[in-house]
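This report describes how the strands and helices of one protein chain are arranged. Keep the structure in view while reading.

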Amino acid sequence: MSTIVEEKTKEAVMNGVAKNGKVGAQLPPLNANGADNPQSKYRAFPPVPLPDRQWPDKQIAQAPLWCSVDLRDGNQALAIPMSVEEKLEMFDLLMGIGFKEIEIGFPSASQIEFDFCRRLIEENRIPADVTVQVLVQAREELIRRSFEALQGAQRAVVHLYNSTNPAQRRIVFGLSRDEIKAIAVRGAALVRQLADENPQTQWVFQYSPESFVLTELDYSLEVCEAVADAWRATPQNRIVLNLPTTVESSTPNIHADQIEWFCRHLKERERAIISLHTHNDRGTGVAATELALMAGAQRVEGTLFGNGERTGNLDIVTVALNLLTQGVEPNLDFSDLPRIREVYERCTRMAVTPRHPARCRGRIPCLCHEQQHSHQRLSSCPGRGCWS
Ligand SMILES: [Zn+2]
């Protein structure tokens, strides 16, 4: 194991909460002996000190705001990225499903993504009720390029991010907490300035402390509040604070605790929409999102069928159909899943597994009805989500 990997492993468990409840505290070092013993390599993710957590008693009573990242996270994970024509078809598919916010890429990072953004705007392909979102690192030249890409958009989300977790602060950047916070605030101030200079577009600001789940909670909070101040966020002019599980590292209950802790400690809570962006490294991306919605999050970023890097992003199809079968209108239309799957598989060259929850959704309730009730009842089963 290289020194950097060892350092990252140590840092990964230092999410900033020790048994004494002190936020930002450090765990004792790992034992260097017994390399084959998992206890010497890995340590359980530390719990969040939140003994009066409220989320276990909550229910999800309404759908979150949804943001598709199929054209960004989803696309960048593909062995063969989508062509512009395939991206346009995917964009239309996402709008047809009912997404009102769609992250279309990282236009400052590649000419193809810049051109795609320009094409959507210049060909008037974005309806008034749909907002495109672009991702940008907190670096001046990339921020300026992103605003160039968005010239003429009616409404756009500028999604700013920088790395905040301890391993990246020390190993990648070699910068202190204050210096990393300054990168975020400088980036936010430039975004604010460029937005003020381009008032023809209705701007929405979004900030992500990258690797939120591996960052000390109090530090994530400090950076997010500083960014919110730089953007002059108010309850009337809310910003989005996106708290990503860049790499899923804990059980879903700990993610929910992190979100509840953040929501309860955020000053002027009403000036921010709390957004989730889970990945599926431990296979629990859907559970992490659902528990975090119970914990107070209001917005969800994800992809169709969980496409995305490594084991994938959150699968929005499953979360939406889970809401539906709990009696909550998801505000996304998956009634024609065979067609959605066909377009998705053709554009991404990914296959939806036969065991995907959506593929037999609708059949299991039908069988239950069949066993317990008459065929009359069966015929009234909505069956939304059946493939065939
Ligand atoms: Zn992601």
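Two strands count as paired if DSSP finds at least two bridges between them. The model shown here is predicted. Strand β1 (residues 65-68) and strand β2 (residues 101-105) pair in the parallel sense, over 2 bridges. In this pair, Cys-67 has Glu-101 of β2 as its bridge partner.

**The barrel**

The pairing extends further: 8 strands close into a barrel, in the order β1-β2-β3-β4-β5-β6-β7-β8, and the pairing is parallel. From one strand to the next, the twist averages 25°. Helix α5 (residues 111-122) lies across β2 and β3 (131-137), and runs at about 140° to β2.

**Around strand β7**

Strand β7 covers residues 272-277, and 5 of its 6 residues are buried. Strand β7 pairs with β6 and with β8. The table lists three of the parallel pairs, with one bridge partner or opposite residue for each.

| Strand pair | Bridges | Residues facing each other |
|---|---|---|
| β1 and β2 | 2 bridges | Cys-67 and Glu-101 |
| β6 and β7 | 6 bridges | Pro-244 and His-277 |
| β7 and β8 | 3 bridges | Ser-275 and Arg-299 |

Helices connect these strands in sequence. β6, helix α10 (residues 252-265) and β7 make a right-handed β-α-β unit. Another right-handed β-α-β unit is made by β7, helix α11 (residues 285-294) and β8.

**Helix α10**

What span should the 14 residues of α10 have at 1.5 Å a residue? The expected value is 20 Å, and the end C-alpha atoms of α10 are 20 Å apart, so the two agree. Helix α10 is mostly covered, with 11 of its 14 residues buried. Among the buried ones are Ile-254, Ile-259, Trp-261 and Phe-262. The buried residues of α10 pack against α9, β6, β7 and α11.

**The nonpolar core**

The largest nonpolar core holds 89 residues. Those that touch the most other members are Val-134, Val-158, Tyr-207, Val-227, Ile-239, Ile-259 and Ala-292. Helix α9 (residues 217-230) gives the largest share of this core, 7 residues. Ile-259, one of the residues with the most contacts in the core, is also one of the buried residues of α10.

Which residues does Val-158 touch, leaving aside those up to four places away in sequence? They are Val-134, Val-136, Ser-146, Val-191, Trp-203, Phe-205 and Gln-206.

Key. Residues are numbered from 1 along each chain as its sequence is written. This is a predicted model: local features need pLDDT of at least 70, side-chain atom pairs count only at pLDDT 80 or more; totals for chains, interfaces and linings use all residues. A residue is buried if 20 or more other C-beta atoms lie within 10 Å of its own, exposed if 12 or fewer, and partly exposed in between; C-beta atoms are placed from the backbone. Helices (H or I, at least four residues) and strands (E, at least two) are DSSP runs, numbered from the N terminus. A crossover is right-handed if, with the strands pointing away from the viewer, the path from the first strand over the helix to the second runs clockwise. A nonpolar core is a set of buried Ala, Val, Leu, Ile, Met, Phe, Trp, Tyr and Cys residues joined through C-beta atoms within 7 Å. Two residues are in contact if their C-beta atoms, placed from the backbone, lie within 7 Å. Axes are lines fitted to C-alpha atoms, for helices over the stretch in contact, and angles run from 0 to 180 degrees between N-to-C directions. The expected span of a helix is 1.5 Å times one less than its number of residues.
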